[in-house]
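Hello,

Here is the structure we spoke about. Please have a look at it first, then read the notes below.

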Amino acid sequence: MRDDPRDPRDPRLPTSPGFWRSPLRGPWFTSVLGLVLLAGITVLFVTGLLSYAAYNPDLSTVNDKTPDKGILGFYLFAWPTDPHWLYRLNQGVHVTLGITLIPVLLAKLWSVVPRLFALPPARSLAHALERISLLLLVGGGLFEFVTGVLNVQLDYVFPGSFYPLHFYGAWVFLAAFVAHVLLKAPTALRNLRQLREERNDLVSPRPAEPTVSRRGALWFVGGGSLLLFATTVGQNFGGPLRRTALLAPHGGAEPGSGPNGFQINKTAAYAGIDTAETAGDVWRLVVTGRTGTVRLSRARLAGLPLHSSALPIACVEGWSTEDQWWRGVRLRDLAALVGYEDDPPDVFVESLQRHGAFREAALRANQVADPRSLLALYVNGERLSPDHGYPARIIVPAAPGVLNTKWVARMTFGDL
């Protein structure tokens, strides 16, 4: 009798277990991949929360790109300034690990794809909940990894802002991930302990001839992850190692040479900075606080007590620079000019940049008070270049790069 093409058991249809013939699929293979993802995604979620907290989003609406977060903001705290490389480490781990896990995620999805087509859709309420969590897990995982990779590549083809999309997507994915782990962790551990596999719906009833062992497949997945790691991790460093980051936009050679020859995201031209506004006889820094407002030329700023800090620039996309030597006026000294001698408060910073995210930013009092936090005028012994923020820029230890505002025009001290 010929197969009925309408019969879901027809081996020509993906709804039939016989359609999936790879002998690699099975509970042991899936369990190994699942445990790797369990550890890796847990680290990704924690570092993602820390990255979001680093923006101090509860300080000011200009820092928070995820409106109406409600109870999801429960973990927010004052982001510390020590150690000064904290954000560099956190975001480097978050982005590099995320890219490294891509082959593991794809292999895991491949290993369980028969379950996405299994019929009937729900055999019981518990089974229906499991299927829903699986769909949310697969969809949420792909969404988070795809938007993350596109952000790293500075390729914003998705609608809307990356920040709320990635933020809310992460919470949806986490809910499905936790539900899936609770449902499947006991089975996964049991499968790993057993020398012989159980037969389940992942094992093909008519497997094809094997061309590689399951351990060989795991080595292949691990090799892919290692390759992605090797071609990404270098963007967290400067010098020759950066050139190994072949898949990262900031993985090439240092841009230009000399003291200002290190990575940037936005050039002065891209930000629409008019050189007429930054000329020495025109530009003034407006500082407002408890006792009023002062206007400072660059020459007057350079005449104030100057201090130096060795700090990196670290961005949400995962790239960072080596420590650069910055020299300028301490933020707490600027606060003292407008009435905050002993208790520097929060500060609201505005840039000459006319458009784009983070042309305004807020810094918390602990960041202002840190003696390494500067309104920088010089870097590595030379005047700032236009692309690095001339006439003056913010530099704060452990802060995300976008909070180190360039082309500063106004600073307002006070509780925000």
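**What lines the largest cavity**

By class, 21 nonpolar, 9 polar and 1 charged residues line the largest cavity. Please keep in mind that this is a predicted model.

How much space lies in the largest cavity? About 640 Å³. Its lining is made up of 31 residues, and those closest to the centre are Leu44, Gly48, His94, Glu144 and His166. Four elements give two or more residues each to this lining: α1 (27-53), α2 (86-100), α4 (125-152) and α5 (162-193). The largest share comes from α5, with 9 residues. Over the whole structure, the search finds 4 cavities of 30 Å³ or more.

**How α1 and α2 meet**

Two of the lining helices, α1 and α2, also touch each other. Their axes come within 9 Å and cross at roughly 140 degrees. Because of that angle, α1 counts as oblique to α2. The crossing is left-handed.

Which residues make the contact? On the α1 side they are Gly40, Val43, Leu44, Thr47, Gly48, Leu50 and Ser51. On the α2 side they are Tyr87, Asn90, Gln91, Val93, His94, Leu97 and Gly98. By class, this contact has 6 nonpolar and 8 polar residues, and no charged ones.

Note three names that come up twice. Leu44, Gly48 and His94 are among the residues closest to the centre of the largest cavity. Leu44 and Gly48 in α1, and His94 in α2, are also part of the contact between the two helices.

Best wishes

Terms used
Residues numbered from 1 in each chain as written. Predicted model: local features only at pLDDT ≥ 70, side-chain atom pairs only at ≥ 80, totals over all residues. Heavy atoms only, no water. 1 Å grid on protein atoms, 1.4 Å probe; cavity = no way out; pocket = protein on both sides within 12 Å on 5 of 7 lines; lining within 4 Å. Points joined across faces, edges and corners; volume = space filled by probe spheres on them. Nonpolar A, V, L, I, M, F, W, Y, C, P; charged D, E, K, R; others polar. Axes fitted to C-alpha atoms, helices over the stretch in contact; angles between N-to-C directions. Parallel < 35°, antiparallel > 145°, perpendicular 65-115°, else oblique. Left-handed = near helix turned anticlockwise from the far one by under 90°. Contact = heavy atoms within 4.5 Å.
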